[in-house]
Structures are given as structure tokens and as C-alpha cells.
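Thanks for sharing this one. Here are a few notes to read alongside the structure.

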Amino acid sequence: MEKIKSIIEVKNLNKSFGSNHVLRDFSMEVVPGESLVILGKSGSGKSVLIKCIINLIVPDSGEIYVLGQNIRELDQDQMDKLRAEVGFLFQSNALYDSMTVRQNLEFPLRRHWTKEMRDLNAQSAVKEALEDVGLGHTIDMMPAELSGGMRKRIALARTLILKPKVILYDEPTTGLDPITAREISELMLQVQEKYKASSIIISHDMNCIRMTSDRVIMLIDGRNYISDTYENLQNVPDPKVREFFD
Amino acid sequence: MIHLIKIDSEFLREVGEIARFTGRFFSEVIKPKQEWEEFINQCFWIGFKTLTLVGITAFIMGLVMTIQSRPTLLEFGAVSMLPAMVSVSLVREIAPVITALICAGKIGSGIGAELGSMRVTEQIDAMEVSGTNPFKYLVVSRVLASTLMVPLLSSLAIAISLYGGYLGVNIRGNVSWHLYWLQSFGALGYGDFIPSLIKTFFFGFAIGIVGCYKGYNSKKGTEGVGRSATSAVIVASLVVFIIDLIAVQVTDLLGLT
């Protein structure tokens, strides 16, 4: 198999909602193994960007390549197969309320594994994913019985169950207390290490960004304003950049 | 005037959206790989969990209708017609429509709130990301279950309400079990049962589609979920009456009355 140079590549992406032009010719790429953070103010279009990458939102124009495939040229079946390689951690966790933790984790398997595979391996896959996030004992609990941090971990476990090549995190530490937020950031690093997955992290939590990023892109006015390491960005004198660090 | 035009255009847009949603339902339902497990699960929730409510209501409906009709028939010296009159009313109209209205309230609001909450908490997006077609999993299974369960509930409501009618007849009078059923079924024909059954499939379909449409397209957070549930009940109830009106006209045109 030909080695892919970019895990994700976005070229000249545009997206508007009415008169609100959220993304303007936005371009970026993620290389294998990289952990890229998209930093921007609330409402700057960060979540819209990663939802465009997974095709939950259709952009107005531009190209998006995920694992070498132009997602706008894929049919539904091809898109579903590609989605098995891309994990998505939702800001609200998006755990299915009516299902137990086990059923939540098994849900992605029903589409991508055959019944025989599920019968043989689902239990061990669920167990492994839960142990990776340190919550093996919650397997038969309902999401409503879990704390905010636990729900985030379970949502991450569900993301990991198909062993994705790239994980998209939508504000993973928003709404959590500082200690839990730090634990989630550490967990993201452990996951990165174990699964060798690339990641795009949408965040404005500077601690999380400092801990998890290899590179940071600042999304300002719908554009890729600047891209550099966290350490280098700290020393950029531009007032628009300084706003985030001061 | 401008306000009225705005309301009209919103109403027409809503009707168009529901029509498009229904069209999508038909295009998804003919595609292979149905979610049968979820369909059975929904049949249980929609059918079995509504059974008690429908049963109690139907019993009271039959009983009360008989008790209320008796004095009028007595006045005309036609009290012997009571089982026949009650059975025709219940089978043709009252049991199916009341059952559909109960289902519009319970099932329509339940589906609207459930899907609405799933929409605003991104669970529907999560389903799509995991490679499951959420429309097929959530909408098709619920609409099919509702289409199948409402006629079953309605049939059961007819049976229970007729039994209620039997008790109602015997509160003041004395009609044997055998005679009651003989008179009830003697007044009924296929032209009463079949149109009544057919229209309940439409009721069930409409309740499912409206509930799913409202929930699936829910917006504006928890406030939107509440609105979805409420408007699902209102619109589904209204659609039930419109279908009933059309069904009565069609039955009349076909000479089945």
C-alpha cells in the first residue's frame, strides 16, 4: 500500500451559514502521528471545520482528503467505511442515553463487523477499550449514572473501539473541572501513544493545548491565521495571537 | 396581512418539509438491510407499553357510551337497538379515532422528545459517524412499528370497548352475553370493519412520521425538544382528524356506509 503523506488535507474550504461566512479558503494538513490543535474563539468555526472533515456538514466549496480519499467524491458506503478509520469525540459526548455503556461501545461494531466477528471479539474489544480509559467497572451502567469526566472517558472508549487511524476531538475538556480536564488531556496522550493515531483537537483550553499539541493552528476570521508549535506561538507579538496567551 | 402571509408561508414550508421527509422514508424503506432488531424493540415500546392506557380508555369509552345512549333510545322505545348502535359507533369511528388520539399523545410526543433530545445532544450525529444510517435506524423502524401497532391497538380497543358496552347495557337492563354479541355483530358488516382497519394503518403511519419529523429536525436545545414533543402531538392529532375525514368521504363514495 502506498504510504500516505497527509492523514488529512483540507484545501480552500469555504462554509457559510446565511450571511455568516464561517470558513474562508481555509487550508491545513495533518501528517501521520501528528497531534494538531485548532485554536480559536467560540463561534469561530472550529467545530464546523471538523464536522466538515467527517462529512457531517457539507462545505460550500473546497477539497477535503482523509486518508488519501477526497470525501466529496465518496458514496455513502465508502464514506461509512472511511468513518470506521476516523474517531470523533463529541463535545457533548453523545452517548446513547437509552443504552448501557456496553451497548454504547458495541454500537459502532454492528456496522463494521460481521455478526460472527461481533460474537467472537466484541466482548474483548469492549473490555480493552474500557480498560484503556480506566473504567472497566462501568460496563453495565447507564450513561446517566456516570459523572461528566466518566462520560467523556466512555465516549473516548467508544471512539477507540474501532482502533481509528485519526481521532477528531471536539473541545474534549470543555465543561470539566481543572483536575478532570488534566486527566482527560493525559488520557489523550496515552491513547495517542498506544494507538499511534493522528489527531485534530479543537480546543481553547490552553493547558490541554500545551499538553497535547505537536502543532497549533489559529483559526481567526475563518482563515488559517498562523500555524506553529505552542512554544513558538507564545512568543509571537501579533495582538490577535497574544489574546489567547495573555 | 403581512403577518398572515408569513404564517401561511411557514405552514406551507412545513407541509413541504414533512412531504420531503415522508419521501425520504419511502426511499429508505425500500433499500435493503432494515433495522429489524430496533423495529421489534420499537413494536414493544409502542405497542405493549401503550396497551394498558388504550385498554382502560377503550373500556371506559364503551361503558360510558352505552350508559349515555340508553336514555335517548329509551325515549324512542328503541332500547333493544342499544348493542347494535354502540357497536357500529365504536367499530366505525370512536374506537379507532380515540385510540389514534391516545397514540398521537403518547407515541407522538415520546418519539418527538426522544429524537429531539438525541438531535440536540449530538447522538444522531454520533450514529452517523459510527457508520449507521440514523434515518433508517431511528425513523424507519419507528414509523414501521407505529404503522403496525396502531391498527393492533385499535382492534384491541374495539374488542375491549364492546365488552365495556356489554357491561354498560347490563347496568340498567338485562341482556344475555349471547344476545349482546349476536345483536352487536348482527349490525356490523365487512364494510364497517375493513375501512376502520385500513384507516388505522394511515393513523399509525401519520403519528410515526410526524413524531419522527418533529424530533429529527429539533433545534434550539432543550427548549426545542419540548417544542418538538408538543407540536408532534398537535400536528399528529390534527392529521388523524384529516385522515378520518378523508376516510369517511372515501368510504361513503365507495358505498360502504
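The points below take up chain B as a whole and then one helix pair in chain A.

1. A reminder before the details: this is a predicted model, and the values below are computed from it.

2. Chain B has eight helices and zero strands. Read from the N terminus, its elements simply run α-α-α-α-α-α-α-α. Along the principal axes, the C-alpha atoms of chain B occupy a box of roughly 65 × 50 × 35 Å.

3. Of the 257 residues in chain B, 48% are buried. Among the contacts in chain B with a separation of 6 or more, 82% join residues 24 or more positions apart. The area exposed by chain B comes to about 12900 Å², and carbon and sulfur atoms supply 71% of that.

4. Now for the helix pair in chain A. Helix H3 (residues 101-112) of chain A packs with helix H4 (residues 115-132) of chain A at an angle of about 125°, and their axes lie 10 Å apart. Because angles between 115 and 145 degrees fall outside the other classes, H3(A) and H4(A) are oblique to each other. Their crossing is right-handed.

5. Which residues make this contact? From H3(A) come Val101(A), Arg102(A), Leu105(A), Glu106(A), Leu109(A) and Arg110(A). H4(A) contributes Arg118(A), Ala122(A), Gln123(A), Val126(A), Ala129(A) and Leu130(A). By character, the residues in the contact of H3(A) with H4(A) split into seven nonpolar, one polar and four charged.

Definitions and conventions: Residues numbered from 1 in each chain as written. Chains lettered and ligands numbered in written order. Predicted model: local features only at pLDDT ≥ 70, side-chain atom pairs only at ≥ 80, totals over all residues. Heavy atoms only, no water. Axes fitted to C-alpha atoms, helices over the stretch in contact; angles between N-to-C directions. Helix = DSSP H or I, 4+ residues; strand = E, 2+ residues; numbered from the N terminus. Parallel < 35°, antiparallel > 145°, perpendicular 65-115°, else oblique. Left-handed = near helix turned anticlockwise from the far one by under 90°. Contact = heavy atoms within 4.5 Å. Nonpolar A, V, L, I, M, F, W, Y, C, P; charged D, E, K, R; others polar. Buried < 20%, exposed > 50% of the residue type's maximum accessible area, 1.4 Å probe, protein only. Areas by Shrake-Rupley, 256 points an atom, 1.4 Å probe, with all protein chains shown as cover.
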